[in-house]
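Reader: I am new to this structure and would like a close look at its surface and its cysteines. Please take me through them in one connected answer.

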Amino acid sequence: MMNHEFFMKLAIKEAIKADGKVSPNPLVGAVIVKNDNIISTGYHHKAGTDHAEIDALRKMNFHAENCILYVTLEPCCFYGKTPPCTSAIIRSKVSTLVYGTKDPNPRVAGDGLKQLSEAGIKVIGPILENDCDNLIEIFRHFIITKKPFIAVKTALSLDGKIATHSGDSKWISNEKSRTYVQKLRNKYSAILCGINTVIHDNPRLNCRMKNGKNPVKIIFDPNFRITENATVFSSSEKPVYIIIRSDLCLDNKQLEKKEKILSLNSKIFPIDYDSSSGFNISEFLSKMGKADITSILVEGGQKVFSSFINDNKVNKFYFFTAPILLGDQSLDVFSTSQNIETIQDGIRLQKVETKLFDNDILNVYVR
């Protein structure tokens, strides 16, 4: 068991090499071992390329007699953009398959393991299942719900504020925290903020990590206030999605602006909107899922945070807390419309990770 865990940890490290590059596919890593020696390693580089098992087996010309194949995710057993991995594994004469977690894709769901077992390959697992599940949390959510995985990221003061009463928020967190945020932008398919953030801060909403990928940019803009000279439109190879009220009536001037905005590599999505609760989040998520957006990093502001939290649509929270106090007149992280009368009724979160960035503390939670 100790050897299985050791080699599975190596397979997990292989998988992480492609973090942010494989969407809509999952992160997967593989290690091939013979007599406790590593013979080959591999990982899934990006959608449409070899899966991790094939990447590792190809380096051995698919000759893996009496070898143990460690893979973080159950091998696929159907034709997609690539042939089924199970067929190649069987032909390579691998003796044992050790897997981390089962594939949640209904087209696999244990059939991959069954095919290998019926072919005479010894199947062992799950090994380090929780760690391997963490690798595919976005993929698992999207393949089951057909809607994007939602993560909320914010920097806040010790007294729970995200900006002063005048709206100033630069910078609550320190430079190391902001550098880490670039890794998050690389990880998620899209980044979302409200129009007030675009107007007041004029952000690029890009990924400034070396060799990182820029996310799709999504702007909640119910009244279509965005202008064509907003920085979000500059240097963006990914489209900008503008979310507007479905009942918004555009006059001639706004229709002219709409044509200019659409020419800037952007798309406009009308969504039902309520003046008190904001956009219909369920409708928004369905439309983003159909647009193949598998995950969204929500970066603010308060009203946007509140819309997702109050509708119980947040899967993960990244809270960067800085050692600063901003006072009771400053802006809270979010306002809740939920009627919470007792402590037992509160929204309970489970902490999964803590990181220190000098004096800043990052706490990561799931619901």
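Author: About 18,100 Å² of the chain is exposed, and carbon and sulfur atoms supply 48% of that area; accessible areas come from the Shrake-Rupley method with a 1.4 Å probe, and for residues only the protein chains shown count as cover. This is a predicted model, in which local features need pLDDT of at least 70, side-chain atom pairs count only at pLDDT 80 or more, and totals for chains, interfaces and linings use all residues. Residues are numbered from 1 along each chain as its sequence is written, and side-chain values use heavy atoms, with hydrogens and water left out.

Of the 367 residues in the chain, 49% are buried; buried means under 20% relative accessible area, exposed over 50%, and partly exposed in between (1.4 Å probe, protein chains only). Two cysteines show both cases. Cys85 has 1% relative accessibility and so counts as buried, whereas Cys249, with a relative accessible area of 69%, is exposed.

The structure holds 0 disulfides, a disulfide being a pair of cysteine sulfur atoms within 2.5 Å. Cys85 is in none, and the nearest cysteine sulfur, that of Cys76, lies 3.7 Å away.

As for the chain as a whole, the C-alpha trace spans about 70 × 45 × 40 Å along its principal axes. Among contacts (heavy atoms within 4.5 Å) between residues at least 6 apart in sequence, 72% join residues at least 24 apart.
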